[in-house]
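The following exercises concern a single predicted model. Please work through each task with the sequence and the coordinates at hand before reading its solution.

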Amino acid sequence: MGAYLLRRLVQSALILLGVSFITYVLLFILPADPVRQIAGRSATAATVESIRRELGLDQPFVVQYGRYLWNLLQLDLGRSYLQRSEVSELIAARLPATLLLMGAAILCELLIGITLGIVAALWRGRALDQGLMILSFVAVSAPQFVVSLLLLYVFAVQLGWFPIGGYGTFEHLVLPALTLGLLGSGWYARMMRSSMIDVLRADFIRTARAIGLTRTRVILRHALPNAILPVIAMIGIDIGIFMGGIVVVESVFGWPGIGQLAWQAIQRVDIPIIMGVTLVSAFAIVAGNLLADLVAPFIDPRIKLR
Amino acid sequence: MNRLLASTALALALGLPAVAQEYVPDPAATMGGGIVVTYKDDVATLDPAIGYDWQNWSMIKSLFDGLMDYAPGTTELRPGLADSYTISEDGLVYTFTLRSGVMFHNGREMTAEDVKYSLDRVTTPATLSPGAGFFASIAGFDAVASGETDSLSGVAVTGPLEVQITLARPDATFLHVMALNFASVVPREAVEAAGDDFGRQPVGTGAFSLADWTLGQSLTFVRNENYWREGLPYLDQITFEVGQEPIVALLRLQNGEVDVPGDGIPPAKFQEVMDDPAQAAQVVQGGQLHTGYLTMNVNLAPFDNVAVRQAVNMAINKDRIIQIINGRADPATQPLPDSMPGYTADYAGYAYDVEAARALMAEAGFADGVETELFVMNTDPNPRIAQAIQADLAEIGITANIQNLAQANVIEAGGAGTAPMIWSGGMAWIADFPDPANFYAPILGCAGAGDGGWNWSKYCREDLDAMAAAADAIVDPAMAEERLAAWSEIYMAVMEDAPWAPVFNELRYTMRSPRMGGADALYVDPVSIPVNYDYVYVTE
């Protein structure tokens, strides 16, 4: 276990290093000069050059990247080019909102996805099952921009049940969490359904039925805990998918998370922020995967870590 | 008051440029209350030496003051922190007498030392100010810009409340420069205490001070009780909520939760809003010092041929392009917008005439057509405008392939001179100050034609540059008309060479909640976008 953990930690660090390198290279070769963005339209060539020098952007790639890594080791993500604030501060101010939204969205997708999956499995092949699977397919494929605007329009503007975007209370959380959760719930419903169907076919379920347990008890006590295992293992991987959706959903609902921050930074070539958000997201994904793998043996004793 | 009147009279006598009469306060204005303004993007910084987007520009104006200012809702200069000023006969020495008893938000009195410190700070390279170049006419600028020294030799403190600024060359636009945010007066101790975070902890002399900034969510401005303009501001508080999509902001305005959607009316909703009398009544329309244009790179074929550039000017159907943006613009005939001094009123521009354009193309040897590229920024409505231009050009045999890119990439290509054509929408050009000079040097003069400059046509005529320099050396107020005539002549020469096809001058539409009061001009203030926060009020 100890050796396994060490190896995985080293691997994770290498993945993060790779992500930082690739992102830095991409931003470096981008045909857009951050110095121009900082210098503004009235800058003279001399001003532009002096800004480039001040920021060390006149140095070769290796020096710039090396400097970035060296600062990163000291947990210094640098200062935003345009906001001129510490990137770590900007991210730290927004991270709680993103984590809250992500937590709520995961809860949403699990509740909806697992419930629908079980129902579909129990009514397998009938109209209800087919209806639910079509629904899940729609949930998976609907663009989140449209879904979020639709939910916003119907439930906030027309019905007035929820506030029109913003942040702060439980009411603010519901619609964005639901938008994000719907996408995942489609996947989970499908996965839960097939997993449940497999389990229901298993010998121990037949035995449980044979010894006279009620249908409800068989499903809740015997089938569900077994069927849910692969679904739980997915959550860690899911974080990566969330990071993509969060950019859109946070923008529409005015949710002050890091997705919104990243989106603004990309438009303005604010490289330190883009790097910072990318690394923090990569860290979350790597940590999520690692955690999912570490937890797996506790949920399913058949899995051994090697 | 007497001194102010005296200074105003003096300035009027000098007449350089038009200086406003004393502003008459709105008799209906009531004190108190607060408003909510929304924006999609975060506020980048409130440091007046750095902030240079249209969002933080007006916010900074309300937190800080400079020596000069504009009468609200107009482009007329008036003294700000300066109580009065005199200009030497050769136009090289400006002596400003400051108002006494002006307090910074931290309670300290503003002095001439602060003015000197602020100008030194904005020009020193370590500040990374995008506005440093505006101060290039001050004597000693080059030594500061190159890092040789950190003090402008041309700015001297001649008394506790007196500053003398010496210019290296006469500059008729200098008082406008002193009204730019970049010339705001900041207290040294607060800047030094905040270090690189002054943009988040701004301390100025303005009508409002920053009370709270919750990153990514909101900013709260509160009234400066010690503001030096008596009886101002009217509002107790302004809350800026960021991260709000324009369409969501409009819904919230209709719901009574928002007073001003800072990003304006979303294009997709514009017609709906204007067709509804109740909503249309909440919209204020005004002009702005903007021109949208198509640049043609005079160094790249086929646009190295003046006949082709003129043909393009004749081929573009401006009225149809204006329809694309719901009629939110007037057709342009020349680089300057019509509200800008120096505009040539009796010039009709190139008329829309496809036949004549085809003839010019044939004459230039392109009867069989030619292929080129049109760069455009990728946010609506710009790609749609580019498509309309593409269709117009196809009529005269020009096949323009559209390069639809992010703003930074288009600016990069324009600066590097690799883009044959660029549609300027979403990037250029809105005047920094209301003077014809501001539409020339950076975007049509040789100074901007170098690598990375904003003169995307790479059009450079030394003789026009010389004419421009001569015009800006006319500082004698009696000859102000002559100066404008010289500028008009320059722009007419530009149109002859046709490095641009001017397309339209955008209009401005600001929406406000029914509870907001104040003259319409305050809501389309040419200097403060979207509104002049110091003078608007609420009625309930």
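Five exercises with worked solutions follow.

This is a predicted model, in which local features need pLDDT of at least 70 and side-chain atom pairs count only at pLDDT 80 or more, while totals for chains, interfaces and linings use all residues. Residues are numbered from 1 along each chain as its sequence is written, and chains are lettered from A and ligands numbered from 1 in the order in which they are written.

**Exercise 1. The make-up of chain A**

Task: Determine how many helices and strands chain A has, and state where its confidence is lowest and highest.

Solution. Begin with the secondary structure, where helices (H or I, at least four residues) and strands (E, at least two) are DSSP runs numbered from the N terminus. Chain A has 13 helices and zero strands. Next, take the extent: along the principal axes, the C-alpha atoms of chain A fill a box of roughly 85 × 55 × 30 Å. Then consider burial, for which a residue is buried if 20 or more other C-beta atoms lie within 10 Å of its own, exposed if 12 or fewer, and partly exposed in between, with C-beta atoms placed from the backbone. By this criterion, 39% of the 306 residues of chain A count as buried. Finally, turn to pLDDT, the predictor's confidence in each residue, from 0 to 100. The average for chain A is 86, and 99% of the residues score at least 70. Confidence in chain A is lowest in helix 11 (residues 229-253), at a mean of 78, and highest in helix 4 (residues 61-73), at 93.

**Exercise 2. The contact between the chains**

Task: Describe the side of chain A that touches chain B, naming the helix that gives the most to it.

Solution. Two residues are in contact if their C-beta atoms, placed from the backbone, lie within 7 Å. Under that rule, 40 residues of chain A are in contact with 44 residues of chain B. On the side of chain A, at least two residues come from each of helix 2 (34-39), helix 3 (45-54), helix 5 (87-122), helix 11 and helix 12 (258-267). Helix 3 of chain A gives the most, with seven residues. The last step is to sort by class: Ala, Val, Leu, Ile, Met, Phe, Trp, Tyr, Cys and Pro count as nonpolar, Asp, Glu, Lys and Arg as charged, and the others, Gly among them, as polar. The side of chain A that touches chain B then divides into 19 nonpolar, 14 polar and seven charged residues.

**Exercise 3. Strand 18 of chain B**

Task: Establish whether strand 18 of chain B is largely enclosed or open, and trace its pairing with strands 12, 13 and 14 of chain B.

Solution. Ten of the twelve residues of strand 18 (residues 500-511) are buried, so this strand is largely enclosed by the rest of the structure. For the pairing, two strands pair if DSSP finds at least two bridges between them.

- Strand 12 (residues 283-287) pairs with strand 18 in the antiparallel sense over five bridges; B:Gln285 has B:Tyr509 as its bridge partner.
- Strand 13 (residues 292-296) is also antiparallel to strand 18, over four bridges, with B:Gly292 opposite B:Phe504.
- Strand 14 (residues 329-331) runs antiparallel to strand 18 and is joined to it by three bridges; B:Asp330 is partnered by B:Asn505.

**Exercise 4. An open sheet in chain B**

Task: Give the strand order of the five-stranded open sheet and explain why one side of each edge strand is left without a neighbour.

Solution. The order is 8-9-10-1-11, and the pairing is mixed. Strand 8 (208-214) and strand 11 (260-261) of chain B stand at the edges; each has a single partner strand, so one side of each lacks a neighbour in the sheet. Within the sheet, strand 1 (residues 34-38) and strand 10 (residues 237-241) pair in the parallel sense over five bridges, and B:Ile35 stands opposite B:Ile238.

**Exercise 5. The domains of chain B**

Task: Locate the two assigned domains of chain B and characterise their contact.

Solution. Domain bounds come from an automatic or database domain assignment, which gives domain 1 (6-28 + 44-196) and domain 2 (290-506). Their C-alpha centres lie 32 Å apart. Across the contact, 14 residues of domain 1 meet twelve residues of domain 2. The domain 1 side has seven nonpolar, five polar and two charged residues.
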